[in-house]
Amino acid sequence: MQSLRPRPVESGLRTHETYQLNSDLLTVDHVTKVYSTGGVLGRTTFAAINNVSFSLQAARPEILAIIGESGSGKTTLARIILNMIAPTSGTITFRGTDLSRIHGRRGRLEFMSHVQPIFQNPFEAFNPLKRVDRYLFASARRFVGLRGRAAHEAAADRALKQVGLSLGEVKGRFPHELSGGQLQRTSIARALVSSPALIVADEPVSMVDASLRMSIVNLFKSLRDELKVSIIYITHDLATAYYISDRVMIMQKGKVVETGPARDVLSNPQHPYTALLRESVLSSDDADRR
Amino acid sequence: MEAALLVENLRAYYLMRYFGIVREVRAVDDISIEVQRNEIYGLAGESSSGKTTFIKTIAAAIRPPLKVASGRIKYGFLDRDIYDLSPEALSAIRWKHLSYITQGSMNVLNPIRRVRQSFLDFAFRHIIRSKREFFKIVDGHLARLHLAPSVLSAYPHELSGGMRQRVAIALATICRPEFIIADEPTTALDVVVQKSVLRMIREAQQEFGSSMIFVTHDLTVHANIADRLGIMYAGRIVEEAPTREIFHNPMHPYTAHLVASLPRIGDATLKKALSGAPPSLADPPGGCRFHPRCPLAMDICRQVHPALTTLAANHRVACYAASPLVKPGAELAPAPGGIRAANP
Amino acid sequence: MFKIIRDLLRYNREFAAGAVLTTFVLIVAAMSAFSPYPSNQTYVVPPDMTPSWQYLFGTTSRGQDTFWQVTFALRNSLLFGFSVALISRILSLLVGLVAGYHGGIVDRLLMSLNDTFLVIPLFPLLVMFYFVLRDRMNWGLLAMIMGCLGWPFDARLIRSVTLSLKTREFTTQSVFSGMSTRQILLEDHLPYVLPIVFATTMANINWSIGLEVTLSVLGFTDVNTPTIGTMLYWANQHSAMISGVWWWFVAPTAFVVMTFIGLFLLSVSMNEYIDPRSRLARMGA
């Protein structure tokens, strides 16, 4: 069992007390999540996730694409990895710490500083009545321990520059004053404030306009290459997954049907469901065949 | 041959007054298109391009604060502008001559009644027979579209999303309308289902010979369904050509970027991104609305917007950089405060 | 702040009407400070005089100037209504926000408590308090009791809004930005909850004044303090309706009706203004 005693800390304001830096980044081990509905007399159960296992290495940051249609369980899996809901059985281990052993506000804060989400709808991800810089400053305060307006703004500006924006463009703005692309980038910047090791992105570009999409997709690539962040990229779009990810995991009805290097799996699918998905992808070449 | 739909210089604006703040949103700014008979015309555009306002306007389904500022909308099956119809006449053509397919099938099917009731609600007053004969026609129609007649007795929530959308398509085509407006009908569907629903729409259109405007932001869907494609940006059409032409020879920089940035399986080369963001329709940039983001912007682009000019066969572009034949467009007179309100 | 009020006055007729009525009522209540007669003394002026320039609303059968009595009565009733509203708002906000946000066992416990208080029959309980406490019953105590009984309905409303807000993605983003529960409730959720709080505050004030009037008319409160209700009580005791001293009960009734209508108009128009949907429309979203 993993001990939670403080370990020698890294320099800087944040302490890596509970997390070992040299074990697997993330290990999902036989995780199942079962929901039951119904009343006292007749309950039905269904497994949103059924016996899913995979792991991410710490040494080499990668983009893992989880591909599935609606009902495949990919969103539930994301929420389990983010420690928002607990699995019915199986364990999730992040850097050597079992997620079920994280208790208390301090423990949760520390976990969140390492693992951050990106949401699908950039307009819903911000409170429409509040300014967007507020989330950046809060992250700077809670995760990095910075105090004072100047320090918050410096940290926010640093994070925004990493995504191609600047504090000047975003400061004091409300969500409706920014485009979907800018909002999504601000979300990513906010996630980067705490220098996380893992980002879980749930369909991050599906609600972003086509002309803005590629810049965000390329941004994820640079997060992996330059900032060394691992990304779990959830999507239903095989073409984007081919373009961006190192590995893919195909899910159907809660089960993993195929997994492997992205180019291999998508060019030569072995499982019939993967083949079906691959075949259903629309492409601009179809214009010639009609 | 007369066009199925002729739109001339259509302008539709939102005029909003709220607590002393006046805002004019030019959602549809001088659009002219022509949809031929038996043709699927694809309309591509991002979320703020005004395409949704455009189809609402041509369906005469607008309400204040949205008003038609100027322009003409002439369907082939009508002898006058659609906004000149009385409310009764408008209601008589709806569904019989002009129908629509929406993005969410639950926006069309009554969730607390069985599917057969929706067919009665929509189509019975146009197909004037006895109820038994009516349902025989419906059964025949469903059979031609390869749908089991048992869907009629189901509730909408008992059907899958794809099945519901197929039912919505059957519903939209039952009266054999001359014109169908499809608004993102496959966007909410799963990838696997999307392909088969698209096929069904194509077959239905070919079988019944309706003309269609198909609106979606997804260019790959257009590749699969549209005969001709119009690209909308910030309330204007910037390029229009047969679908193959758009993909192989896009002349407008915006179209070129959209086509080039489509990810494809088998192609992992880095794709360039476009800077900036689509402009707000309440405060669009002067001149060509794309100029702040355009890599080819010239001085004239900032001053006067280019006119949509026919360059090659059936290929229209509004871009000075695409060809010297493209001239400045007419100066748009300030819109009067809404000369036509909507029909209630 | 002033810009908001100015905007509302200019564009919203209901707000303007409500503001006029409420300001008028408040001015009259404030005039109680200038009363030449102490509020609890009787027979200081000739009784049963009809309204005239000397006695604006006439005099009562107890020898008090009706106008000055009304100023005291309004002041006391309004103070009473505000304090009840304040106590019950705080309680309903606390319970509603916490129950809605935490869910689970906390929510179930709080809602059981809520529903218990909800079904308590208010009026018999207050009468019972009167009979038990009798002489020790004072206005402060009554306000406390009513405040503690007036929160359940609104707590449920606030809870339902909080429940829906919890599922929205910006709440998750706030959580992952490290914000504490208190910060999320107060900064993210409160603006959505405020319209309800506002509307229910006005309703609450009206309800508490109404209940106070009912209790006082029946004599279940300290009838020596002038309030709208006690004025009506004394008017009844002296059979004012029969003896034709109509100004004694018309004056307080008219003013309390004005108060109700003014507060109602204010709450309706302000509510529309601070509703997040209209705020967003004004911001141009």
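Okay, let's start with a term we need: a crossing of two helices is called left-handed if the near helix is turned anticlockwise from the far one by less than a right angle, and right-handed if it is turned clockwise. Keep that in mind, and keep in mind too that what you see above is a predicted model.

Let's use the term straight away, in chain C. Helix α2, residues 13–30, and helix α3, residues 66–102, cross in the left-handed way. Their axes come within 7 Å and cross at roughly 110°. Anything from 65 to 115 degrees counts as roughly perpendicular, so that is what we call α2(C) and α3(C). Who actually touches whom? From α2(C) we have Val25(C), Val28(C) and Ala29(C), and they meet Thr71(C), Leu74(C), Arg75(C) and Leu78(C) of α3(C). Sort those residues by class and you get five nonpolar, one polar and one charged.

Now step back and look at chain C as a whole. How many helices and strands does chain C have? The tally is 13 helices and zero strands, so if you read along the sequence, it's just α after α. The C-alpha trace spans about 75 × 50 × 30 Å along its principal axes. Chain C has 285 residues, and 39% of them are buried. And here's one about the fold: take contacts between residues at least 6 apart in sequence, and 68% of those join residues at least 24 apart.

Chain C also touches chain A. On the C side 19 residues take part, and they contact 21 residues of chain A. Which elements of chain C give two or more residues to that side? They are α8 (169–176), α9 (181–217) and α13 (276–283). The largest share, six residues, comes from α8(C). By class, the chain C side has eight nonpolar, six polar and five charged residues.

Over to chain A, then, and a second helix pair to set against the first. Helix α6, residues 180–192, packs with helix α7, residues 210–225, at an angle of about 15°, and their axes are 9 Å apart. That angle is under 35 degrees, so α6(A) and α7(A) count as roughly parallel. This crossing is right-handed. The residues that meet are Gly180(A), Gly181(A), Gln184(A), Arg185(A) and Ile188(A) from α6(A), with Leu212(A), Ser215(A), Ile216(A) and Leu219(A) from α7(A). That contact has four nonpolar, four polar and one charged residues.

Chain A has a sheet as well. Six strands make an open sheet with mixed pairing, in the order β6-β7-β8-β3-β9-β10. Why do β6(A) and β10(A) each have one side without a neighbour in the sheet? Because β6 (115–118) and β10 (255–261) stand at the edges, each with a single partner strand. From one strand to the next, the twist averages 15°. Zoom in on β7(A), residues 198–202, and β8(A), residues 230–235: they pair in the parallel sense over five bridges. For instance, Ala201(A) has Tyr233(A) as its bridge partner in β8(A).

One last stop, in chain B. Arg302(B) sits in helix α10, residues 299–303. Is Arg302(B) buried or exposed? Something in between: Arg302(B) has 13 C-beta neighbours inside 10 Å, so it counts as partly exposed. Leaving aside neighbours within four places in sequence, Arg302(B) contacts Gly286(B), Gly287(B), His291(B) and Ala297(B).

Technical notes. Residues numbered from 1 in each chain as written. Chains lettered and ligands numbered in written order. Predicted model: local features only at pLDDT ≥ 70, side-chain atom pairs only at ≥ 80, totals over all residues. Contact = placed C-beta atoms within 7 Å. Helix = DSSP H or I, 4+ residues; strand = E, 2+ residues; numbered from the N terminus. Nonpolar A, V, L, I, M, F, W, Y, C, P; charged D, E, K, R; others polar. Pairing = 2+ DSSP bridges. Axes fitted to C-alpha atoms, helices over the stretch in contact; angles between N-to-C directions. Buried ≥ 20, exposed ≤ 12 C-beta atoms within 10 Å, placed from the backbone. Parallel < 35°, antiparallel > 145°, perpendicular 65-115°, else oblique.
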